[in-house]
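Student: Please pick one part of this model and go through it closely. I would like the cut-off behind each term as it comes up.

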Amino acid sequence: MSKKLVIKVTAGADAPERCSQAFTVATVAVASGVEVSLWLTGESSWFALPGRAAEFELPHAAPLPELLDALLAGGQVTLCTQCAARRGITQEDVLDGVRIAGAQVFVSEIMADGVQALVY
């Protein structure tokens with residue numbers, strides 16, 4: 001049985017190191033062949049929008065747009081429903097490949113057999 005990794009990232013530009021760590025771990029897991037689901041919540045929600053990842057800077061870290069592109073290509077990226085609503089973000093606004101889903105979907109993912117969940 002293969003394992004799945006579900007990562008919830010709550011930090012954005014407000015906590016850049018934590019944010020970068022979440023994206024880096026998720027991308028390394030995808031590159032290693034792990035099934036990955038990355039959840040954008042809180043301030044990381046903004047990265048679901050076109051061009052927003054390019055505004056993120058952290059010295060000595062991989063560029064966030066490259067990490068996000070790799071995750072969209074090889075994993076699942078989800079924007080929290082409530083987080084999107086609080087920011088006025090709709091499905092039409094987000095990058096191709098980003099879905100908007102809520103807590104029920106998150107809980108379903110993390111409770112499945114063979115899943116490891118991380119929160120940053």
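Tutor: Glycine 33 has a positive phi of about 90° and sits just after H1. Helices here are DSSP runs of H or I with at least four residues, strands are runs of E with at least two, and both are numbered from the N terminus. This is a predicted model, in which local features need pLDDT of at least 70 and side-chain atom pairs count only at pLDDT 80 or more, while totals for chains, interfaces and linings use all residues. Residues are numbered from 1 along each chain as its sequence is written, and side-chain values use heavy atoms, with hydrogens and water left out.

The helix itself comes next. H1 covers residues 16–31, and its end C-alpha atoms are 22 Å apart, which agrees with the 22 Å that its 16 residues should span at 1.5 Å a residue. The expected span is 1.5 Å times one less than the number of residues.

The buried residues of H1 are Cys19, Ser20, Ala22, Phe23, Ala26, Thr27, Ala29 and Val30. Buried means under 20% relative accessible area, exposed means over 50%, and partly exposed is in between, with a 1.4 Å probe and protein chains only. Their cover includes strand S1 (4–9), strand S2 (35–40) and helix H2 (64–74). Serine 20, a residue of H1, is counted as buried because its relative accessibility is 7%. Beyond its neighbours within four places in sequence, serine 20 is in contact with Phe56, Leu58 and Ala61, where contact means heavy atoms within 4.5 Å.

H2 is part of that cover, and the packing of the two helices can be described further. Two packed helices are described by the angle between their axes and the distance between the axes. The axes are lines fitted to C-alpha atoms, for helices over the stretch in contact, and angles run from 0 to 180 degrees between N-to-C directions. For H1 and H2 the angle is about 45° and the axes are 9 Å apart. H1 is therefore oblique to H2; angles under 35 degrees count as roughly parallel, over 145 as roughly antiparallel, 65 to 115 as roughly perpendicular and the rest as oblique. The crossing of H1 past H2 is left-handed. On the H1 side the contact is made by Phe23, Thr24, Ala26, Thr27 and Val30, and on the H2 side by Leu64, Leu67, Leu68, Ala70, Leu71 and Gly74. A left-handed crossing has the near helix turned anticlockwise from the far one by less than a right angle, and a right-handed one has it turned clockwise.

Strand S1, also in the cover of H1, leads to the salt bridges. A salt bridge is a side-chain nitrogen of Lys or Arg within 4 Å of a carboxyl oxygen of Asp or Glu, and by this rule there are five. In one of them, lysine 4 meets glutamate 109 at 3.8 Å, N to O. Lysine 4 is in strand S1 and glutamate 109 is in helix H4 (residues 103–111), 105 residues apart. Both partners are buried: glutamate 109 at 10% relative accessibility, lysine 4 at 18%. Glutamate 109 also forms a salt bridge with arginine 99, at 2.3 Å, N to O. Arginine 99 lies in strand S4, 10 residues from glutamate 109. Through shared partners, salt bridges join Lys4, Glu35, Arg99 and Glu109 into one network. Arginine 99 is partly exposed, at 26% relative accessibility.
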